[in-house]
Amino acid sequence: MTAPATEATGATKAILLPRRNRSLFDKSQTRAIRLSASDRWLRGISYVWITLFTLFCLLPFVMIVSASISSEAAIRTDGFGLIPKDFSLAAYDLIFQAPKQIIGAYTVTITMTVFGTAIGLFIIAMTGFALYRQDFPFRNHISFFIYFTTLFSAGLAPTFLWVSNGLGLRGSYLAVFLQLLMTPWLIILMKNFMRTVPYEIVESGKIDGAGDFRIFAQLTLPMMKPALATIGLFLALAYWNEWYLSSLYLGSTVEFKPLQYYLYNVINTANALRNSVAGANVSIASLPSNTLKMASAVVATGPILLFYPFVQKYFVSGITIGAVKG
Amino acid sequence: MSLTQTPRRRKSVWGQVKSSRMLILMCVPALAFFIVFNYAPLPGIWIAFTDFNYRDGIFGSPFVGLKNFQFLIKSGMLWDLTRNTILYNIAFIVLGNILQIAIAIMFNEVRLKFFKKITQGIMFLPYFISVVLIGVIAFNLLNYDTGALNTLIKQTGGDPLKIYSMAGLWPLIIIIIHLWQSTGYGSIVYFAAIMGIDKGLFEAAEIDGASAWQRIRFVILPSLKPTFIILFLFSLGGIMSGNFGLFWNLIGNNATLFSTTDIIETSVYRMVMSQNNFTTSTAVGLYQSLFGFAIVMTANWLVRRMNKDYALF
């Protein structure tokens, strides 16, 4: 079977030898594709490159954590690095001495995430179901109505004025909560997911006399668990990572800021100053400490990273299906 | 015409509404959402043609025609913002796709399951965190006094760099951070597409004696074309908008860097948030929307002419 291939590569001996060895020792013969020299090169390069890029992705996280458990004095003299300097938990002590803000931030974010994900998911699933129904005469009109919002928008200023003054939501958590409920992209994704459900399910439901909502809730939804998990995770992530709408609509008006906006403030109130005086020989000793910023970043991010390994596989399958055209 | 559809007689619109009223009802929350948050602000675009003030409101403020746009063009601002926004996006799209496809192909060569799982998981991580944290990371690496980069420079005997005032360096920094954030995500999309390739094609290539490079060139890359085109069209749709959160959390209000880092969205955000300047920001926003709309339409039309299946609509 492999004879022509061997001849074509020209280096008959070099290839034959490892192949015979493999047939003797390698138990995974069934999936074995015979390796030519170029294959082995590619494979070797792949392992090296992927390892390097993975380290590149990982190291910044290590640096944040290591800075957060270093002592402020060591950072001031030596700067940030990869390895903790002069181990100290002082920054964490400081955060948890007055935990009111951080607990408030967690409460706001968790509440928004739980309710936003549940409500958003329900609406997205319902809409996705209706748009997936081939016997729904208005499906194309509604699809376009939703899709159009990605093509053309009023822009920040008119939207800001409308939500603040027209709807009167400035300073209200609702301004953040409501605007994150759904995106056209998630509805399209849900519709694409629905296509994996055999349409006969819908028809059998109709024959049995079930109403549209009943077909959705009792027949389709139970088959949609992977889709619900994926889209739910996307929604949850959007709520968890939210800082932008908070900066627009909440500003300093609320007592407890959502988590990431809280972090944003910890970082930036000092940063703006720091950047503008950098190198100007102004003393920065009085500014909030470096380690405190890093520790705040760890506290605001840590839990989601612990959660991450468990949900990662849903994300991977989710974006995979999302990439398939709808 | 789908096979599952029974041939139906033409119903009146009202008849159609009646027979599908439950499905319509199920769409109502989503429709209400988009009407309230996306369609209702549209009339506010009128601000771009007025000298807006709070007292008179959007439609009571004096009409000034195209004056706001003239100002934008004369000041050179529109050109600078457009150039920065588009150049960054081109760099993101070109470099991003090359890196993503390369890594996806490498993933395909990896046989150790646990290695693949762990590396994929870690590469995907940057996509998962908030842009605020990315700002923290950049600060950790780049700030003047304690940044890791300057630590390294000092250790090797050099003089620390004032990176936060070196405008010329930032395109490079932003592109690297963007690639750091998005490559894992994108490469998994492409990897999934590679996994979807018919295994027979690989076997046929092997029988024909294709080298690894030939296999990539003649089997993998052509199979990735549809995925690439879809992603490309999506990213073209966003070519007039940037990765706002990333730019804002890296640069913020640091005016020394604006010449190379200010994109449309950061400038609009600044105008609204710190200057209460609604007229200019609306004008810029409208320009952004119209320009973006035209680009998507053109690109989609072109793709449609080449191959109808690849078009978005």
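How many helices and how many strands does chain A have? Select chain A of this predicted model and colour by secondary structure: the chain has 16 helices and zero strands. Switch to a colouring by accessibility, and 50% of the 326 residues of chain A count as buried. In a contact map of chain A, take the contacts with a separation of 6 or more; residues 24 or more positions apart account for 70% of them.

**Stop 1: helix 4 of chain A**

Select residues 72-78 of chain A, which form helix 4. Glu72(A) and Arg76(A) both sit in this helix, four residues apart, about one turn. Show their side chains: they meet in a salt bridge, with an N to O distance of 3.4 Å. Glu72(A) is buried, at a relative accessible area of 18%, which falls under the 20% cut-off. Its partner Arg76(A) is partly exposed, at 35%.

**Stop 2: Leu94(A)**

Move on to residues 90-97, helix 5 of chain A, and pick Leu94(A) within it. Leu94(A) counts as partly exposed at 47% relative accessibility. Now add Ile119(A) to the selection and draw a distance between the C-alpha atoms. Leu94(A) and Ile119(A) are 25 residues apart in sequence, and 37 Å separate them in space.

**Stop 3: a salt bridge between a helix and a loop**

Select Lys206(A) and Asp135(A). Their side chains form a salt bridge at 2.3 Å, N to O. Lys206(A) belongs to helix 11 (residues 199-207) of chain A, while Asp135(A) is in the loop between helix 6 (100-132) and helix 7 (139-151) of chain A, so the pair ties together parts that are 71 residues apart in sequence. Both residues are in the middle accessibility class: Lys206(A) is partly exposed at 36%, and Asp135(A) is partly exposed at 26%.

**Stop 4: charged residues in both chains**

Select Asp39(A) and Arg43(A) together with Glu109(B) and Arg215(B). These four residues are linked in a network of salt bridges. Over all chains, a search of the whole structure finds 11 salt bridges. Another one is in chain B, where Arg55(B) pairs with Asp56(B) and the closest N and O atoms are 3.6 Å apart. Arg55(B) counts as exposed at 74% relative accessibility, whereas Asp56(B) is partly exposed at 33%.

**Stop 5: the annotated spans of chain B**

Stay with chain B and select residues 82-299. An unreviewed UniProt entry assigns this span the annotation "domain: ABC transmembrane type-1". The span is 78% helix and 0% strand, and its end C-alpha atoms lie 18 Å apart.

Next, colour the stretches that UniProt (unreviewed entry) lists as "transmembrane region": residues 21-40, 86-110, 122-143, 163-180, 227-251 and 284-303 of chain B. Check two of them in turn. Residues 122-143 are 86% helix and 0% strand, with end C-alpha atoms 25 Å apart. Residues 163-180 are 61% helix and 0% strand, with end C-alpha atoms 19 Å apart.

**Stop 6: Thr82(B)**

Select Thr82(B), found in helix 5 (residues 77-109) of chain B. Thr82(B) is buried, with a relative accessible area of 7%. What is Thr82(B) in contact with, leaving aside its neighbours within four places in sequence? Display Met240(B), Tyr287(B) and Phe291(B), which are its contacts on that basis.

**Stop 7: a helix crossing in chain B**

Two packed helices are described by the angle between their axes and the distance between the axes. Select helix 7 (residues 131-142) and helix 9 (residues 170-195) of chain B: their axes come within 12 Å and cross at roughly 130 degrees. The two helices are therefore oblique to each other. Their crossing is right-handed. On the helix 7 side, show Val131(B), Ile134(B), Ile137(B), Ala138(B) and Leu142(B), which make the contact with Trp170(B), Ile173(B), Ile177(B), Trp180(B) and Gln181(B) of helix 9.

Finish on Gln181(B), in helix 9 of chain B. Is Gln181(B) buried or exposed? At 9% relative accessibility, Gln181(B) counts as buried. Not counting residues up to four places away in sequence, Gln181(B) touches Val131(B) and Ile134(B), and also Pro126(B), Tyr127(B), Asn243(B) and Leu246(B).

Definitions and conventions: Residues are numbered from 1 along each chain as its sequence is written. Chains are lettered from A and ligands numbered from 1 in the order in which they are written. This is a predicted model: local features need pLDDT of at least 70, side-chain atom pairs count only at pLDDT 80 or more; totals for chains, interfaces and linings use all residues. Side-chain values use heavy atoms; hydrogens and water are left out. UniProt positions are given in the numbering used here, feature names are shortened, and annotations may be inferred rather than shown by experiment. Buried means under 20% relative accessible area, exposed over 50%, partly exposed in between (1.4 Å probe, protein chains only). Axes are lines fitted to C-alpha atoms, for helices over the stretch in contact, and angles run from 0 to 180 degrees between N-to-C directions. Angles under 35 degrees count as roughly parallel, over 145 as roughly antiparallel, 65 to 115 as roughly perpendicular and the rest as oblique. A crossing is left-handed if the near helix is turned anticlockwise from the far one by less than a right angle, and right-handed if clockwise. Contact means heavy atoms within 4.5 Å.
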